[in-house]
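Please open the structure in a viewer and keep the selection tool at hand. The tour below proceeds by selections, each followed by what is to be found there.

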Amino acid sequence: MIVILEPQLGQDSAQTQSVIDYLRAKPGISPRVHQVSGAEQTLTEIYLVGNTSTLDREEIENINGVARVVKVSRDYAVLGRHGGDSRSYGFSYNGVTFNQDNLNIFAGLCAVDNPQHVEKMMRAVSEAGLQCTRMGAYKPRTNPYSFQGHGADCLPWVFELAGKYGIKVIAMEITHDSHIEEINAALEQSGNATGVMLQIGTRNTQNFELLKACGKQSVYPVLLKRGFGITLEESLNAAEYLASEDNRNVIFCLRGMKTNMGDPHRNFVDFSHVPTIKRLTHMPVCIDPSHSVGTRDVSPDGVLELMHCTAQGVVSGANMVLVDFHPNPPKALVDGPQALTMNELDYFLQDIAIAREAYLKRRELVQKQLG
Ligand code: PEP
Ligand code: MN
């Protein structure tokens with residue numbers, strides 16, 4: 001059950017406190033307060049965790065300061081949309097806003113290899129007017145003898161270069177909760193030169209202890225990849241783990257499903273779920289065309305299949321694109337065959353802009369249709 005307070009009531013107001021005290025006195029119920037930033041206003045909401053079936057909704061709606069009470073299903077209690085809620089939610093991190101209406105591009109290296117390549121990438125991203133990138137320091141690899149990333153050793157120079165080029169947010173996969181500490185320490189040492197979005201990879205979507213660790217901290221937002229061999233519902237429940245520990249700054253990333261049905265793509269592209277996730281939850285939705293398509297195959301019209309798939313996700317309202325680039329793909333230590341090159345960055349962004357404009361026109365059209 002979610003108790004939504006009157007818009008003027010802040011998290012720390014006396015009236016909010018008295019509503020919380022009232023609810024806390026109910027047996028078996030623990031209230032949790034959240035500030036929800038919408039496009040027009042910030043609302044204070046109290047989530048009631050526990051056995052809410054004995055609660056009287058009308059009684060709670062009559063408490064002074066309560067605007068409305070929404071019954072939630074057990075599914076995605078915090079991240080889900082409940083009771084016809086169509087509000088726009090989002091969050092800002094290090095000056096960058098993430099929500100279900102805008103679009104952020106994270107072009108970067110699948111794996112950090114050397115300072116020269118990182119600098120080339122960051123310079124290109126910055127010259128293209130972008131504020132975000134991806135940089136893999138901890139790489140989960142199928143083969144134990146493959147390069148697993150430079151780990152904590154590369155963080156000082158990666159963060160310093162990010163600061164030099166004005167990069168605000170780096171998506172960085174972590175595979176163990178100790179990596180959060182390593183990132184904390186390196187960021188602090190860099191004088192907080194940049195920000196990090198913790199990425200949980202598809203192999204760890206159901207690593208519940210890692211999810212809890214990322215959920216318990218509220219400094220970094222989390223990019224959760226869909227599990228490649230589980231249902232969408234199971235992956236959305238994994239996202240809810242983060243929120244249930246109190247981190248609601250979660251972005252959900254589609255990256256294709258592991259099945260031979262998707263051949264010759266590396267994974268079966270699942271970007272048709274972009275609007276579905278937006279309907280079921282408040283999370284901004286990211287697409288990762290690199291790990292979905294996994295090749296640089298070109299369609300007869302001259303367009304890379306990877307770019308066709310990106311456009312398909314963007315034209316359906318994707319809010320973030322996570323994409324592999326590399327200054328010299330044959331020399332990349334991880335995933336070179338799917339990487340785009342520096343001289344394709346501008347072209348890639350122009351192509352995305354066309355798809356984004358088409359999406360915005362489609363939104364206008366449906367508004368006219370609905371009157
Ligand atoms: C990645 O983004 O570098 C990655 C390993 O992706 P995934 O977890 O989707 O395989
Ligand atoms: Mn990769």
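Select Glu-245 to begin. In this predicted model, Glu-245 is partly exposed, its relative accessible area being 24%. The residue is found in the loop between helix H7 and strand S12 (250-254). Display its surroundings next: not counting residues up to four places away in sequence, Glu-245 touches Arg-32, Lys-212, Gly-215 and Lys-216. Val-222 may be used as a reference point; Glu-245 and Val-222 are 23 residues apart in sequence, and their C-alpha atoms are 13 Å apart in space.

**Helix H6**

From Gly-215, a contact of Glu-245, extend the selection to helix H6, residues 208-216. Which residues of H6 are buried? They are Leu-210, Leu-211, Ala-213, Cys-214 and Gly-215. These buried residues pack against helix H5 (178-189), strand S10, strand S11 (222-225) and helix H7.

**The two domains**

Now colour the chain by domain. The domain assignment gives domain 1 (2-88) and domain 2 (103-370). Their C-alpha centres lie 33 Å apart. Across the boundary, 13 residues of domain 1 are in contact with 16 residues of domain 2.

**The four-stranded sheet**

Select strands S1 to S4 next. They form an open sheet of four strands in the order S2-S3-S1-S4, with antiparallel pairing. Strand S2 (29-37) and strand S4 (66-70) are the edge strands, each of which pairs on one side only. Neighbouring strands of the sheet are turned by 25° against each other on average, direction ignored.

For a closer view, select strand S1 (residues 2-5), which is joined to S4 by four bridges, the two strands running antiparallel. Within this pair, Ile-2 stands opposite Val-70 in S4. Then add helix H1 (residues 14-24), which packs on the sheet and touches S1, S2, strand S3 (42-50) and S4. The direction of H1 makes about 150° with that of S2.

**The eight-stranded sheet**

Turn next to strands S7 to S14. These make up an open sheet of eight strands with parallel pairing, in the order S7-S14-S13-S12-S11-S10-S9-S8. At its edges are strand S7 (104-108) and strand S8 (132-134), each pairing on one side only. From one strand to the next, the twist averages 25°.

Select S7 alone. Is this strand mostly covered or mostly uncovered? S7 is mostly covered, five of its five residues being buried. Asn-104, Phe-106 and Gly-108 point one way from the strand, while Ile-105 and Ala-107 point the other way. Add S14 to the selection: S7 and S14 pair in the parallel sense over five bridges. The bridge partner of Ala-107 in S14 is Val-323.

Strand S13 (residues 285-287) also pairs with strand S14 (residues 320-324) in the parallel sense, here over two bridges. Cys-286 has Met-320 in S14 as its bridge partner. Add helix H4 (residues 155-164), which packs on the sheet and touches strand S9 (169-173) and strand S10 (195-200). Its direction makes about 155° with that of S9.

**The nonpolar cores**

In soluble globular proteins, nonpolar side chains tend to be buried together. Which residues touch the most other members of the largest nonpolar core? Of its 94 residues, these are Met-122, Met-135, Phe-159, Met-172, Ile-183 and Phe-348. Helix H7 (residues 232-244) gives the most to this core, with six residues. Domain 1 and domain 2 both give residues to the core, so it lies between them.

Centre the view on Phe-159. Leaving aside its neighbours within four places in sequence, Phe-159 is in contact with Ile-170, Met-172, Ile-183, Ala-186, Leu-187, Ser-190, Ala-193, Thr-194 and Val-196. A second, separate core of 15 residues can then be located through Leu-5, Ile-29, Leu-55 and Val-66, which are among its members.

**The cysteines**

As a last selection, show the cysteine sulfur atoms. How many disulfides does the model contain? The count comes to zero, the cut-off being a pair of cysteine sulfur atoms within 2.5 Å. The cysteine sulfur nearest to that of Cys-154 belongs to Cys-110 and is 13 Å away. Cys-154 counts as buried, at 0% relative accessibility. For Cys-309, the nearest cysteine sulfur is that of Cys-253, 14 Å away. Cys-309 is likewise buried, with a relative accessible area of 6%.

Notes
Residues are numbered from 1 along each chain as its sequence is written. Chains are lettered from A and ligands numbered from 1 in the order in which they are written. This is a predicted model: local features need pLDDT of at least 70, side-chain atom pairs count only at pLDDT 80 or more; totals for chains, interfaces and linings use all residues. Side-chain values use heavy atoms; hydrogens and water are left out. Buried means under 20% relative accessible area, exposed over 50%, partly exposed in between (1.4 Å probe, protein chains only). Two strands pair if DSSP finds at least two bridges between them. Axes are lines fitted to C-alpha atoms, for helices over the stretch in contact, and angles run from 0 to 180 degrees between N-to-C directions. Contact means heavy atoms within 4.5 Å. A nonpolar core is a set of buried Ala, Val, Leu, Ile, Met, Phe, Trp, Tyr and Cys residues joined through side-chain atoms within 4.5 Å. Domain bounds come from an automatic or database domain assignment.
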